[in-house]
Amino acid sequence: MAGQVVDLVNDERAKAGCDPVTEESHLDKAAQDHSDDMSARNYFSHDTPEGEHFDERIRDAGYSKPGAENIAKGATSAKQVMQLWMDSSGHRANILNCSLTKLGVGVTTAGWYWTQDFGY
């Protein structure tokens, strides 16, 4: 499903005249770890309960140029989560930010937690 999200992101970016993002393994790890953590500890936020923000989590995963993060909960398919993000102005802006060039996606089916971590 994560790969499908990357494809759908690039479809939307192409419509907006942006170059495609490429999947990046450190961003994948940061995104998957955050989805897993939100599911395991039953919270939904860009910040962990300890207050760690997305840019810190991305750097901790080994990626030095964090850009943005989208999260979602409850969507049960890549198409559904992309629709939620594209219907939200802030999430849509991240997806269509042509300056962002890298992407990692994480999904946890226990509670359906999704994370997109973007990088420069």
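Is Lys 15 buried or exposed? Lys 15 counts as exposed, because its relative accessibility is 65%. The close-up views below are taken from a predicted model.

**View 1. A salt bridge within helix 1 joins Lys 15 and Glu 12.** The side chains of these two residues, Lys 15 and Glu 12, meet with a distance of 3.4 Å from N to O. Both residues belong to helix 1, which covers residues 2-15. Lys 15 and Glu 12 are 3 residues apart, about one turn of the helix. In the model as a whole, there are 6 salt bridges.

**View 2. Asp 37 and Arg 41 form a salt bridge in helix 2.** The N to O distance between the side chains of Asp 37 and Arg 41 is 2.9 Å. Along helix 2, Asp 37 and Arg 41 are 4 residues apart, about one turn of the helix. Asp 37 has a relative accessible area of 21% and is therefore partly exposed. Arg 41 is also partly exposed, with a value of 36%.

**View 3. Helix 3 holds a salt bridge between Asp 55 and Arg 59.** The side chains of Asp 55 and Arg 59 meet at 3.4 Å, N to O. Asp 55 is partly exposed, with a relative accessible area of 24%. For Arg 59, which is partly exposed, the relative accessible area is 46%. Because Asp 55 and Arg 59 are 4 residues apart in helix 3, about one helical turn separates them. Elsewhere, Asp 37, Arg 41 and Glu 50 are joined into one network by salt bridges that share partners.

**View 4. Asn 42 has a positive phi in the loop between helix 2 and helix 3.** Phi of Asn 42 is about 55°, although Asn 42 is not a glycine. The loop that contains Asn 42 lies between helix 2 (25-41) and helix 3 (54-60). Asn 42 counts as exposed, because its relative accessibility is 59% and the exposed class begins over 50%.

**View 5. Trp 112 has a positive phi in the loop between strand 3 and strand 4.** Trp 112, a residue other than glycine, has a phi near 55°. Its loop is found between strand 3 (102-108) and strand 4 (113-119). Which exposure class does Trp 112 fall into? Trp 112 is partly exposed, because its relative accessible area is 22% and buried means under 20%.

Notes. Residues numbered from 1 in each chain as written. Predicted model: local features only at pLDDT ≥ 70, side-chain atom pairs only at ≥ 80, totals over all residues. Heavy atoms only, no water. Helix = DSSP H or I, 4+ residues; strand = E, 2+ residues; numbered from the N terminus. Buried < 20%, exposed > 50% of the residue type's maximum accessible area, 1.4 Å probe, protein only. Salt bridge = Lys/Arg side-chain N within 4 Å of Asp/Glu carboxyl O.
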